[in-house]
Amino acid sequence: MSDLLSIGTSALQAYQRTLATVGHNIANASTAGYTRQQVQLVSQAGSASGAGFIGAGVGIAQIQRLADGYSTERLRFDAASQAQAERLQVMTQRVDGLLSDGRLGLNEALTRFYSSLEAAAAAPLSAAARQSVLSAAQTLSDRFQGLQHEFEGLQAEVGERLSLAAEHANALTGAIADLNDRIALEAGRTGGQAPNDLLDRRDQLLEQLAAQIGITTTLQDDGAVNVFSMDGQALVLGTHTREIHVTADVYRSDHWQLTVGEGAGAVPITASVQGGTIGGLMEFQRLVMDPAMGDLGRIATGLAMSVNTQHAQGVDLLGQFGTDLFEVPTVSVHQHPANSGGAAVSVAFDDPGAVSGKNYLLRHDGVAWTLFESSSGSPVSWTGSGTVADPFVAAGLRITVSGVPANQDRFLIVPTEHAAGDLAVAITDPSRLAVASAVMGDSATTNRGSGRIDTLHVMDAGDPSLRSPVTIEFVSANSYTLDGSGPFAYVEGAAIDFNGWRLKLSGQPSIGDTFRVVPTPPGSGDNRNAQALAGLRTRGVLDGGNQSLSEGYSNLVVRTGVHAQQATQRFEAQSALSAQARADRDRTSGVNLDEEAANLVRFQQAYQAAAQAIAVADSVFQSLLAAVRR
Amino acid sequence: MRISTDTLYRSGVTAILDRQTLLVRLQQRLASGLNFSTAAEAPAAYAEVMRLDNRLVELERYSATVSMAQHRLQMEESTLADVTESLQRVRELTLQANNGLLSAADRQAIGAELQERLNELLALSNRDDGAGHFLFSGAGGTSPPFALSTSGAVYSGDQQVRQLTVSVGQQIAEGDSGAEVFLRPRNGTGIVRVAADTANTGSAVLDQIALDDPANWDGDSYTVDFSAGTYEVRNSANVVVTNGIYQPYMAIQAAGTTLTFSGIPSDGDRFELTPSESQDVFQTVSNILDTVDNETRSAHRQNRLFNGLQDLDRAIDHILAIRARVGGRLQALDDVAAAQESLSVQLQSARSELRDVDYASVISDLQQQLVSLQAAQQAFMKVQGLSLFDYLR
């Protein structure tokens, strides 16, 4: 029978629990990820009587967790995007800082190297001027190596961060699977009541996981959540997890690949992973780090090769042809571990203007070799047949293959990623600096005409007769012989090419006038080769001859700067989106202290009223007892 | 619309943090005086500043080279002035020596001074720039370029003059080779030369020689033979080109030249008319010295001194021409230096405009942001201070 006492008692109990829930909300107002809980009161159905249905008080239907699934999911997605944008921004800014730094950057060192060459051209016999060229070259190669070292450090950091993030993600998926288990258990135990705080905890973990790697989720009937990566790989299925592994790239140990799962079921996600810190790190590697290292190496290679080529056209103080001033970087070739054939591949640089800074894949399909661009997979055409005498020539590289390959044998060619670290100065003795040109010209003092030598340059230092003395004799006013052979017609200002040099005469020689081209003796103070070396400042060396080294470096710095600027803008935009998403979620799920304070007042009054009702029930009973006492 | 307490707090704090970030950026700009320190902050401006930096370093280098070139050319100019002075003195001495009334002692004195002048010329040709590099040795620089021998000057330098790059695409020679300066002057009139045969016994002396008709001068060698009061001019194939009766001061015309002689030639006397050749300055002075010291025959002395004067004049003209060229180069260098100076100023100001902070505008931005931050902070405190709990008993 429902009477005032039991009604009052039900009210007391209900309001006690309600107040407890309000108190729980207030206590957790600042807890991250807390979803406010609301008690749903329901009136107890009354029992029938002749006068109508008399109510039986109040009960609690459920303690509802005010969560909006859609806004939670939105928040999670934005958290993933924000974490990715943040990681990309921070790492890109580091690279930008390195390249822009006046002390670490290349710009000043490059300019001072060219200036030192001009100073040596102005004072070729000064030991100090020659030494300062070697010192400037050393500083320049130190800067290249310094930058490369920093880049490689960043690269290693990417690997470490990937491992940490993967570990963290694996711990989170483990915890989520555990929670899936407990939530199902608790729900079962209470006959379908949702374990609110466990759900909150799981949502928290999911958000943290999204910050590591982008995820999507699906809700199962038993309350468990299945988690998938954004490219579709399952990470949590009910209470089972699949782990993310970071391992070294099959070709080389300084790059990484990501897989999900173990053993035969392992799926690589390196190229497709998106979202979170992991997505940000992979994007950074692909978009900023690899191109920057490749570009830096391309510039180093262009510097070494163009300087060496010009240097070899001159002679040093000992009268010998200049040897390499810089050591030319080597090209790394990596084998795929699954290669079963016995092929060996070696690669050298061919034309620095054609070097692209990208990596290439060489593959044998059982019949012939093909070359692909490693990042895009598009095939690259080449000339040649691959032998030492006739190597494959493509993308500024000379590729020689030997041995017998098996079908699907693969090699990764990495031309420039490490080139900047290989750059070094190969000459230490200032007198071995080839400042002078290999040949000199003179005109006989007995010449009667007005002919004079305008310019004399070495065009081909490899010509074996370059340094043989040659006499040019004018057998008439308009024709001359070269060491007796000829005669050739004389055109003022026209190039006379012979034995690897190029001579230009001007004026009008008379019959019998002679000019000579002779080798430059040791100890000469001639400066033409130093001038030509200094002229490399503006000469197009890279990009098919369209870009000077300084322009190449400037492009690298500006491109990275633009990437950093865009990454910052993207991060700021993404942060605004995340803030908006959080505000949306809090609108439904966040605790408002004033609201809870009002609730406290309300339910406290209700509790007091219910207590009063019990007091009244008691006095009613007392009256009844007093009425029947004898 | 419902707002949670968390949202209220977050939005207030975010506003404060954003203002602080802006403030810090402005503060960094003010403290460093630069508008940007990495490429990310302003990529296009950074690239431009980098380019300007490079150009300025280049200009600095060019300025140093210009100074060096000016120094060397000025040294060459002053040395050539000294050479000219010396040659003028030799000319004076030659004129003095041509006076038939000199005594043996006078001639000895003239000879002694000529020898000194020759030594002086040798020393001038071997002058160095004070740092061990010889001015007139071409590109070879470590040993004196000129030495005298009995057969004339020996030049051990080369003809490769160093070009210095003083500006973009502009090179200037820093000197001239010794061969060019000292070995190239032509003798005679520059085109033709008349010399007396050493076996002459008469008193014929060459008085004048002029090239009236250059079109008819064919570069051949001719001989003028005197006998029995007549002259015959033959070319190198021994064909008589012109002949006639000889009279002193009468013009003899052959192959475009006009010759006049004074005095009386003996039979069999011969003069040779040849194209001018290069004759080095030292040889010219040595010839005059030899004539003064050793030539006792009056007619021969006069002829040889006549040749010597012509040769000297050619040498002096040649050196003057070279001095003019050097002057031209120095002028060009002055122009280059002035242009570089003004370009440097322009580039520096362009760079400063891009890179350096405009203090007025940044400071006023800073003030604005400070006010903004203060407002955000105060608003936050006011809003956070309101709570229903304050009113519950």
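## Exercises on a predicted two-chain model

**Exercise 1. Locate the two partners of the salt bridge between A:Arg398 and A:Asp350, and decide whether each is buried or exposed, or in between.**

Solution. In this predicted model, the side chains of A:Arg398 and A:Asp350 form a salt bridge with an N to O distance of 2.8 Å. The next step is to place the partners: A:Arg398 belongs to strand β20 (residues 397–402) of chain A, while A:Asp350 sits in the loop between β15 (344–349) and β16 (360–364) of chain A, so the pair ties together parts that are 48 residues apart in sequence. For accessibility, the class between buried and exposed runs from 20% to 50% relative accessible area. A:Arg398 has 34% relative accessibility and therefore counts as partly exposed, and A:Asp350, with a relative accessible area of 30%, is partly exposed as well. A search over all chains of the structure gives 52 salt bridges.

**Exercise 2. Describe the contact between chain B and chain A, beginning with its area and ending with a salt bridge that crosses it.**

Solution. Between them, chain B and chain A bury about 4,400 Å², of which 51% is on carbon and sulfur atoms. On the side of chain B, the residues that lose the most area to chain A are B:Arg2, B:Arg61 and B:Gln160, which together account for 15% of what that side buries. Counted by residues, the contact takes 53 from chain B and 59 from chain A.

The polar part comes next: there are 31 residue pairs in polar contact between the two chains, with both residues at pLDDT 80 or more. The elements of chain B that give two or more residues to the side touching chain A are α1 (5–32), α2 (43–97), β3 (163–167) and α4 (178–183), and α2(B) gives the most, with twelve residues. By residue class, that side of chain B divides into 19 nonpolar, 19 polar and 15 charged residues.

Five salt bridges are found across this interface. In a salt bridge of 2.9 Å, N to O, the side chain of B:Arg2 meets that of A:Glu595. This pair runs from the segment before α1 of chain B, where B:Arg2 lies, to helix α10 (residues 593–628) of chain A, which holds A:Glu595. A:Glu595 counts as partly exposed because its relative accessibility is 29%.

**Exercise 3. Work out where A:Asn447 is placed, and which residues it is in contact with.**

Solution. A:Asn447 is found in the loop between β24 (439–443) and β25 (452–458) of chain A. Its relative accessibility is 6%, so A:Asn447 counts as buried. When neighbours within four places in sequence are left aside, A:Asn447 is in contact with A:Asp513, A:Thr514 and A:Phe515, and also with B:Arg186 and B:Ser278 of chain B. One of these contacts can be specified further: a polar atom of the A:Asn447 side chain lies 2.9 Å from the backbone nitrogen of A:Thr514.

**Exercise 4. Identify the residues that touch the most other members of the largest nonpolar core, and follow one of them outward.**

Solution. The largest nonpolar core has 90 residues, and those touching the most other members are A:Phe113, A:Phe144, A:Phe151, A:Val227, A:Phe284, A:Leu303 and A:Phe326. Helix α4 (residues 127–189) of chain A gives the most to this core, with 19 residues. Taking A:Phe113 and not counting residues up to four places away in sequence, its contacts include A:Val133, A:Ala136, A:Leu140, A:Leu303 and A:Phe326. A second, separate core of 45 residues includes B:Val90, B:Ile172, B:Ala315 and B:Ile319.

Key
Residues are numbered from 1 along each chain as its sequence is written. Chains are lettered from A and ligands numbered from 1 in the order in which they are written. This is a predicted model: local features need pLDDT of at least 70, side-chain atom pairs count only at pLDDT 80 or more; totals for chains, interfaces and linings use all residues. Side-chain values use heavy atoms; hydrogens and water are left out. Contact means heavy atoms within 4.5 Å. Buried area is the accessible area (1.4 Å probe) that two parts lose on being put together, summed over both. A salt bridge is a side-chain nitrogen of Lys or Arg within 4 Å of a carboxyl oxygen of Asp or Glu. A polar contact is a pair of N or O atoms within 3.5 Å; within protein, one must be able to donate a hydrogen and the other to accept it, and residues adjacent in sequence count only if both atoms are side-chain atoms. Helices (H or I, at least four residues) and strands (E, at least two) are DSSP runs, numbered from the N terminus. Ala, Val, Leu, Ile, Met, Phe, Trp, Tyr, Cys and Pro count as nonpolar, Asp, Glu, Lys and Arg as charged, and the others, Gly among them, as polar. A nonpolar core is a set of buried Ala, Val, Leu, Ile, Met, Phe, Trp, Tyr and Cys residues joined through side-chain atoms within 4.5 Å. Buried means under 20% relative accessible area, exposed over 50%, partly exposed in between (1.4 Å probe, protein chains only).
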